[in-house]
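Biologist: Could we go through this structure together, one question at a time, with the reasoning spelled out before each answer?

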Amino acid sequence: QVQLEESGGGLVQAGGSLRLSCAASGSIFRIVAMGWYRQGPGKQRELVATHNSGGGIEYADSVKGRFTISRDNAKNAVYLQMNSLKPEDTAVYYCNAYLCTDNRACDDYWGRGTKVTVSS
(Lines give C-alpha, C1' and ligand atoms only; values in the text may rest on other atoms or scores of the structure.)
Protein backbone atom coordinates (compact mmCIF):
# COMPACT_ATOMS: atom_id res chain seq x y z
CA GLN A 1 0.00 0.00 0.00
CA VAL A 2 1.22 3.45 -0.94
CA GLN A 3 -0.26 6.74 0.18
CA LEU A 4 0.42 10.30 -0.85
CA GLU A 5 -0.64 12.94 1.64
CA GLU A 6 -0.79 16.60 0.65
CA SER A 7 -0.96 19.67 2.83
CA GLY A 8 -0.61 23.41 2.53
CA GLY A 9 -3.56 24.53 0.46
CA GLY A 10 -5.80 27.39 1.43
CA LEU A 11 -7.12 30.83 0.59
CA VAL A 12 -4.71 33.59 -0.37
CA GLN A 13 -4.95 36.98 -2.01
CA ALA A 14 -3.54 37.60 -5.45
CA GLY A 15 0.18 38.24 -5.23
CA GLY A 16 0.53 36.07 -2.16
CA SER A 17 2.37 32.81 -1.59
CA LEU A 18 1.63 29.27 -0.50
CA ARG A 19 3.76 26.20 -0.03
CA LEU A 20 2.35 22.78 -0.76
CA SER A 21 3.84 19.62 0.70
CA CYS A 22 3.36 15.99 -0.17
CA ALA A 23 4.81 12.91 1.49
CA ALA A 24 4.68 9.39 0.15
CA SER A 25 4.49 6.47 2.55
CA GLY A 26 4.11 2.71 2.40
CA SER A 27 5.96 -0.12 0.72
CA ILE A 28 8.15 2.04 -1.50
CA PHE A 29 11.22 0.63 -3.17
CA ARG A 30 12.10 3.55 -5.39
CA ILE A 31 10.52 6.85 -6.42
CA VAL A 32 11.19 7.68 -10.05
CA ALA A 33 9.48 11.06 -10.16
CA MET A 34 7.22 13.26 -8.10
CA GLY A 35 5.22 16.24 -9.15
CA TRP A 36 2.14 18.38 -8.97
CA TYR A 37 -0.92 18.61 -11.17
CA ARG A 38 -3.95 20.83 -10.82
CA GLN A 39 -7.54 20.92 -11.91
CA GLY A 40 -9.31 24.25 -12.02
CA PRO A 41 -13.08 24.75 -12.09
CA GLY A 42 -14.45 23.38 -15.34
CA LYS A 43 -10.98 22.44 -16.58
CA GLN A 44 -9.04 19.26 -17.18
CA ARG A 45 -6.24 18.20 -14.90
CA GLU A 46 -2.94 19.69 -16.04
CA LEU A 47 0.72 19.38 -15.20
CA VAL A 48 2.13 22.06 -12.93
CA ALA A 49 5.64 20.78 -12.25
CA THR A 50 7.55 17.52 -12.06
CA HIS A 51 10.90 16.52 -10.55
CA ASN A 52 12.54 13.23 -11.46
CA SER A 53 15.22 11.39 -9.57
CA GLY A 54 17.83 12.42 -12.11
CA GLY A 55 17.26 16.03 -11.19
CA GLY A 56 15.21 16.90 -14.25
CA ILE A 57 12.54 19.52 -13.62
CA GLU A 58 9.66 20.57 -15.83
CA TYR A 59 7.21 23.43 -15.32
CA ALA A 60 4.03 24.43 -17.07
CA ASP A 61 4.60 27.66 -18.99
CA SER A 62 1.92 29.37 -16.92
CA VAL A 63 3.88 28.93 -13.67
CA LYS A 64 7.48 29.39 -14.80
CA GLY A 65 9.25 32.00 -12.74
CA ARG A 66 6.59 31.92 -10.02
CA PHE A 67 6.51 28.31 -8.76
CA THR A 68 9.42 26.21 -7.56
CA ILE A 69 9.34 22.45 -7.09
CA SER A 70 11.74 20.68 -4.76
CA ARG A 71 12.19 17.22 -3.30
CA ASP A 72 13.49 15.68 -0.12
CA ASN A 73 14.45 12.15 -1.08
CA ALA A 74 15.09 11.11 2.52
CA LYS A 75 11.50 11.95 3.38
CA ASN A 76 9.95 10.77 0.10
CA ALA A 77 8.53 14.27 -0.13
CA VAL A 78 7.92 16.89 -2.77
CA TYR A 79 7.16 20.56 -2.26
CA LEU A 80 5.72 23.33 -4.39
CA GLN A 81 6.53 26.91 -3.46
CA MET A 82 3.99 29.13 -5.17
CA ASN A 83 4.70 32.86 -5.33
CA SER A 84 2.95 35.74 -7.06
CA LEU A 85 -0.26 33.75 -7.11
CA LYS A 86 -2.97 34.73 -9.54
CA PRO A 87 -6.72 34.05 -9.50
CA GLU A 88 -6.21 31.68 -12.42
CA ASP A 89 -4.06 29.50 -10.18
CA THR A 90 -7.20 28.58 -8.27
CA ALA A 91 -7.53 24.81 -8.47
CA VAL A 92 -7.32 21.57 -6.61
CA TYR A 93 -3.66 20.60 -6.58
CA TYR A 94 -2.78 16.90 -6.73
CA CYS A 95 0.48 15.29 -5.77
CA ASN A 96 1.69 12.59 -8.14
CA ALA A 97 4.42 10.02 -7.81
CA TYR A 98 5.65 7.41 -10.26
CA LEU A 99 7.23 4.82 -8.04
CA CYS A 100 8.07 1.18 -7.64
CA THR A 101 6.88 -0.76 -4.62
CA ASP A 102 8.78 -3.41 -2.70
CA ASN A 103 7.53 -6.09 -5.12
CA ARG A 104 9.08 -4.04 -7.95
CA ALA A 105 5.72 -3.11 -9.43
CA CYS A 106 5.86 0.44 -10.80
CA ASP A 107 2.88 2.70 -11.26
CA ASP A 108 1.42 6.19 -10.88
CA TYR A 109 0.03 7.19 -7.51
CA TRP A 110 -2.09 10.22 -6.64
CA GLY A 111 -2.94 12.15 -3.55
CA ARG A 112 -6.48 13.23 -2.75
CA GLY A 113 -5.78 16.85 -3.60
CA THR A 114 -5.52 20.11 -1.71
CA LYS A 115 -7.55 23.15 -2.67
CA VAL A 116 -5.90 26.46 -3.48
CA THR A 117 -8.09 29.52 -3.86
CA VAL A 118 -6.62 32.85 -4.97
CA SER A 119 -8.85 35.86 -4.52
CA SER A 120 -8.51 38.97 -6.64
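Biologist: Where along the chain is the place of R104, that is, between which two strands does its loop run?
Modeller: Strands here are DSSP runs (E, at least two residues), while helices would be runs of H or I of at least four residues, and both are numbered from the N terminus. R104 has a positive phi of about 70 degrees, although it is not a glycine. The loop that holds R104 runs between β9 and β10, the latter covering residues 106–110, so the two names to remember are β9 and β10.

Biologist: Before we go further, what kind of model are we looking at?
Modeller: Residues are numbered from 1 along each chain as its sequence is written, and side-chain values use heavy atoms, with hydrogens and water left out. Local features need pLDDT of at least 70, side-chain atom pairs count only at pLDDT 80 or more, and totals for chains, interfaces and linings use all residues, since this is a model that was predicted.

Biologist: Is S84, which has a phi near 50 degrees, buried, partly exposed or exposed?
Modeller: S84 lies in the loop between β8 (77–82) and β9 (91–101), and its phi is a positive value in a residue other than glycine. By relative accessible area, buried means under 20%, exposed means over 50%, and partly exposed is in between (1.4 Å probe, protein chains only). With a relative accessible area of 40%, S84 is therefore partly exposed.

Biologist: Which residue of β5 stands opposite W36?
Modeller: Two strands pair if DSSP finds at least two bridges between them. Strand β4 (residues 28–39) and strand β5 (residues 46–52) pair in the antiparallel sense over six bridges. Three bridges also join β5 to the antiparallel strand β6 (residues 57–59), where Y59 stands opposite the β5 residue A49. On the β4 side, the residue opposite W36 is likewise A49.

Biologist: In the turn of the hairpin of β5 and β6, what is the phi of G55?
Modeller: The hairpin of β4 and β5 has six residues between its strands, and there G42 takes a positive phi near 70 degrees. In the hairpin of β5 and β6 four residues lie between the strands, and the positive phi of G55 is about 95 degrees.

Biologist: How far from A24 is P41, taking their C-alpha atoms?
Modeller: P41 lies in the loop between β4 and β5, and P41 counts as exposed because its relative accessible area is 67%. P41 and A24 are 17 residues apart along the chain, and their C-alpha atoms are separated by 26 Å.

Biologist: How many residues apart in sequence are the parts that C22 and C95 tie together?
Modeller: A disulfide is a covalent bond between the sulfur atoms of two cysteines, counted here when those atoms are within 2.5 Å. C22 and C95 are joined in this way, S to S 2.0 Å, and the link is left-handed, with -80 degrees about the S-S bond. Because C22 lies in strand β3 (residues 18–26) and C95 in strand β9, the parts they tie together are apart by 73 residues.

Biologist: Which hand does the disulfide of C100 and C106 have?
Modeller: Two disulfides are found in the whole structure, and this one joins C100 to C106 at S to S 2.0 Å. C100 is buried at 5% relative accessible area, whereas C106 is partly exposed at 36%. The torsion about the S-S bond is about 100 degrees, so the disulfide is right-handed.
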